Structures are given as C-alpha cells and as structure tokens.
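Please read the following explanation with the sequence and the structure at hand. It leads from a single residue outwards to the elements around it.

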Amino acid sequence: MSRDVAVLGVGMHPWGKWGRNFVEYGRVAARDALADAGLQWSDIQFVAGADTVRNGYPGYVAGATFAQALGFTGNQAASCYGACASGAQAIDLARAQILSGKCDVALVIGADTTPRGFLAPNKGERGDDPDWLRFRLLGATNPTYFAFYARRRMDLYGASSADFARVKVKNSRHGLENPRARYRKEVTEEQVLSSPLVSEPLHLLEICATSDGGAAMVLTSMDYARRMTTDPVRVAGVATITPTYPNTVIEMPNFSTDSAHGVPLPGRSFRDSIAAAAYEDAGIGPDEVDTAEVYDLSTALELDWYENLGLCAPGEAERLLNDGDTTLGGRVPVNPSGGLACFGEAVPAQAIAQVCELTWQLRGQADGRQVEGARVGVSANQGLFGHGSSVVVRI
Amino acid sequence: MSKNRVAAAEGWFTMDADEPRLLGTRGVDSGSYFFPPSMATSANPAHPFEEREPVELSRRGRVWSLATNHYQPPEPYVSPEPFEPYTVLAVELEEEKMVILGQLADGVAPETVKVGDPVELVLGTLYEDDDNEYLVWKWQPATGGQG
C-alpha cells in the first residue's frame, strides 16, 4: 500500500523582522496554501499547528489558536512542539491522520515572532533546566555548539574558514530571487570573513539570524488529490526520530553526551540516522535525491548535512561544495531557497517552509532558483533534546 | 577580606582545590556513566529504571572540540564588565567515553589548544558578588602523568 500523501497546496508569509503577532503570519500562509490547493478553510478536516514558545499561551496551543483565527468550524486540531523540528512533527501528524483514514484534508501551519539577538532560555532561576544551566554555568550559547562542529571539521578534515564562508556565498546567491527570503543580497567571501567573530571559528555572517515568518501546507489523501489535480507532489517519507544510545556527539543544550563505556556504538550517528530513516520510509536512497533543503544554522553545519544526507562520504563535503555540486546548476543543489542564511530561523515554521520550497522546486515553480528537472527532494532538520526530522517529497 | 568560595552548582563537582572531580552517577546494572548527577537527562535503554550510584568521574580527557565566544551571551550568564571573550571546551573522558563541556581554565590561550589535546579538570571562578566567589569546573592542558 502506498504511504504517500499529496501536497495539494503550499504558502508562506515572507520572512523578516515584522514585529507583528505570529498568528497573522500563520493566517497569511494558510490563506496562500488554501488558494494554491483550490480549497476553502471550510474544507479542512484536521489542523496541525506547530507551536512557538516565545509568544505566550496562544503559541503553546497553536493548532487551536490558528483554527480560532480562521474561524472555528468544529474540525479536529492538534498542537505540537519539537523545537526546530516542530513543523515536521505537524506534517507527520497530519500525514498519519490521512493515512489512518481519519481525514482526507489537513492543514499544517507554523509561525513565529522572535526577539532580537541570541535565543535565550526562559526567564527565572531554573536550576533544574539544562537549557538555563548551560547559559549560567558555561556561557554555552547556541553558536557555541555550532562552533564545536565547525572546529572539528577543521581539525579532522582540514576544512578552512574560507570553505565555510563559501557556503554563505553560495546560499546568498541562491536566495537573491526568492521573494519570501529576508536577506536578498549577494555577499562575498571577504565580507563573510571580515564580519565579527561570534563563536570562533564562526563569524557573524555564518550564523543564522532569528526571524518572523509563517508557512503552511495542505496535505490530502492521494484519492482526494486526484480529484483536484493530475500529478501532485507527494510526501513519500517522514522521519521524526530520536538518537540511538549512546549518542556521542554533544547536542544543544546538553552538558554531556551519553557514555559509550561498555556499550557498542550505534551503526549510524544521530544526524546520519535522520535522513536514513526518511529514505527508508520513502523507499529511496540518497543517490535519487535531486535537491535538498537542510538546516544551515551555521555555514559549517550545512557541510555536515551533506555527509549526514549521504550526498558524499565523511570529510568530502568541502570538495562537494568547492566543485559546485551543491550550487544551483550542480549535481545536487542544496538550499536552493537560500536556506537559513537568507531566511533566518522562524522555529516552528522552518521545517514546513523547507517542504514548501521543495514543493515549488518539484513543480518547476521556483522562479530564479529552479533546480532543473528535480523529481525528488529531501529536507533535514534537528530540534533540541533529540528531535530529528526529515521529509522526502517526490513527484 | 577574602570572599567565601562556593560552588556555582551544588553537588556537581568536589571543591578539592588541587584535584577536583566532577560528580556523576553510574548505573548499577549497566555500568554506564551519567553527568550531571541531579538531572535525569540520559539513560542506558537496556536498563531505563536501574539504580544509580554516585561516582567521581576521571579528571582527564581529550579535547573533542572547542569554541571561543567573542559576544556577550544573554542572561543568566554573568559576564565580567567589560565583557571578555571566553572559550568552552568539549572534552571526551577516556574512561567514561563521554564528552563533558567546561570552560577553558583562566590564563590559557585558546590558540594553543586543538582537537585531541589532553586536558585535566581544575576549579576556576565563574563570577563574584559582594560576599562570594562562585566556582565552577574548568579544563586546562594536562601536564603529563596518567589519568
């Protein structure tokens, strides 16, 4: 039995620093996704909201919040949070509802309004919250963890700051024509390397900003979709997995990794296992991937993802980048949207936005940034405390 | 007048000025190690409900990675005024085979440290107020000998 569901419509509110209520971004994204699908809000049987934790109580119950903002119709709703993976959780939930036969038409929405500067832990004396304690006892900001991964690439694989900077140069070019991107300006290697060091070896222009934004998609059963269109983009695989013990890579916001004392290492690292699970769910291999949207929280992290997605062997990501394989026009363009480098991170919307972009790519609608002939796309993403996510779409 | 020297995190490490140790736990069935001791952040899935005994972790390990922060982090980090860059190390303990974070010891130049270098645990000042000096564990390059 096919486990595909159709992506009938996608929509996004442009990313930026708009300073408005997050619900408004979600409404705009939902309006555009419904229009793209040719459906009305009243057609939606199930709403999956990806939560935000930075906008008070309405953000914790995003499913109901968005449903109320569009006008309660008595449809079913769910709210879910998985940090940066929240959007994929919502997609997975909607897909499961459809595949189980509980509904035919679902709307997935994520939106966020973010404060300026570093993402910080929740306020108050929170001596039992590792997210609070890592700031208190270590000053271990999010970029600190990104810098750990970057520095390892340098010391293990001989990666250079120039290699990392060229990821930003590539993504800044990719995003130039993307009307929903926040940053649409070409940057040079020199500009990246002369921007202030934030968490050495990473510079300011190598670390993604935090943004306001919203994304939405209409998912339907294949039978329902065939009544509306001939050849819809399909969600073929979703992974929302956790690591396998022992996870020996330090992960935000932890103080330590698991102990590998006396136990065998898992066959794959956590990040390697994320896309592998989505590939398995979709019944494809990495060699079938035409384009990928990955979570480039930093330039160097994008290079890690090349290897985690199986696009190349460990230690070969710099070569892949420098050969142009991951640039538009190359073998497997990565972040044709411009990625987080051009968007900044709107946490609960981001994993949905990745799939929106892949949908436009597979339909041939990505004007000015089209991956020619793309038929299979994969997204990859990771949320705090071990929420891995990846979505495979195909046409 | 000297200030009281107090632990910035009670029960996370010994206050031995010469040879401090991180305080972890060990699963009585699995033999797996855990840190910090006060938080149920991890478990060996073969023994999710096992008892755990307190254990002092080894003082030595090798640098897994490092990062030097040039921007002042948000609260609750207590920054000196004016802000000074600081380095955070991720260190893999040889015996326990786990990576534990900690700041680089005061006075060590970060450019002298690279992935794979041996380091050992020391105490250092995290921040001070009028009455107290708050201490935390830090990592410094190891001076030889066995861990």
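Leaving aside its neighbours within four places in sequence, with which residues is B:Gln103 in contact? The model in which this question is posed is a predicted one. B:Gln103 is in contact with two residues of chain A, namely A:Leu138 and A:Gly139. In chain B, its contacts are B:Tyr77, B:Tyr86, B:Thr87, B:Val88, B:Leu126, B:Trp137, B:Lys138 and B:Trp139. One of these, B:Tyr77, is joined to B:Gln103 by a polar contact of 3.3 Å between the side chains. B:Gln103 has a relative accessible area of 5%; because buried means under 20%, B:Gln103 counts as buried. The residue belongs to strand β7 of chain B.

From this residue one may turn to the strands of chain B. The strand β7(B), residues 99–104, pairs with β6(B), residues 86–93, in the antiparallel sense over 5 bridges. Within this pairing, B:Val91 lies opposite B:Ile100 of β7(B). The two strands β6(B) and β7(B) form a hairpin, and 5 residues lie between them. In the turn of this hairpin, B:Lys97 has a positive phi of about 55 degrees. The strand β6(B) is largely enclosed by the rest of the structure, because 7 of its 8 residues are buried.

Another partner of β6(B) is β5(B), and these two strands pair in the antiparallel sense over 8 bridges. Here B:Thr68 stands opposite B:Thr87 in β6(B). B:Thr68 also leads across to the other chain, since in β5(B) it is the bridge partner of A:Glu200. The strands concerned, β5(A) and β5(B), the latter spanning residues 60–69, pair in the antiparallel sense over 2 bridges. As a general point, the side chains in a regular strand alternate between the two faces of the sheet.

This pairing between chains introduces the interface as a whole. In it, 43 residues of chain A are in contact with 49 residues of chain B. The size of an interface is often given as the accessible area lost when the parts come together. Between chain A and chain B, the buried area is about 3,700 Å², and carbon and sulfur atoms give 64% of it. What does the rule find across this interface in the way of salt bridges, and how many residue pairs are in polar contact? The rule finds 0 salt bridges, whereas it finds 23 residue pairs in polar contact, both residues being at pLDDT 80 or more. On the side of chain A that touches chain B, the elements giving two or more residues are α5 (130–138), α6 (142–157) and β5 (197–200) of chain A. The largest share of that side comes from α6(A), with 9 residues. By class, the side of chain A that touches chain B has 25 nonpolar, 10 polar and 8 charged residues.

Chain B also contains an open sheet of 3 strands in the order β3-β2-β4, with antiparallel pairing. Its edge strands are β3 (33–34) and β4 (52–56) of chain B, each of which pairs on one side only. The strand β2(B), residues 23–27, is joined to β4(B) by 5 bridges, and the two run antiparallel. In this pair, B:Leu23 stands opposite B:Glu56 of β4(B).

The explanation now returns to chain A. Is its strand β1, residues 5–16, enclosed or exposed? Of its 12 residues 11 are buried, so β1(A) is largely enclosed by the rest of the structure. The strand β1(A) pairs in the antiparallel sense with β7(A), residues 212–220, over 8 bridges. A:Val10 has A:Met217 as its bridge partner in β7(A). With β8(A), residues 233–239, β1(A) pairs in the antiparallel sense over 3 bridges. There the bridge partner of A:Val7 is A:Val233.

A last element is helix α11 of chain A, residues 299–308. This helix is mostly covered, 10 of its 10 residues being buried. Among the buried residues of α11(A) are A:Leu301, A:Leu303 and A:Trp305, and also A:Glu302, A:Asp304 and A:Glu307. At the start of the helix, a side-chain oxygen of A:Ser298 reaches to within 3.4 Å of the backbone nitrogen of A:Ala300. After α11(A) comes A:Gly310, which has a positive phi near 80 degrees.

Methods:
Residues numbered from 1 in each chain as written. Chains lettered and ligands numbered in written order. Predicted model: local features only at pLDDT ≥ 70, side-chain atom pairs only at ≥ 80, totals over all residues. Heavy atoms only, no water. Contact = heavy atoms within 4.5 Å. Buried area = accessible area lost by both parts, 1.4 Å probe. Salt bridge = Lys/Arg side-chain N within 4 Å of Asp/Glu carboxyl O. Polar contact = N/O pair within 3.5 Å; in protein donor to acceptor, adjacent residues only side chain to side chain. Helix = DSSP H or I, 4+ residues; strand = E, 2+ residues; numbered from the N terminus. Nonpolar A, V, L, I, M, F, W, Y, C, P; charged D, E, K, R; others polar. Pairing = 2+ DSSP bridges. Buried < 20%, exposed > 50% of the residue type's maximum accessible area, 1.4 Å probe, protein only.
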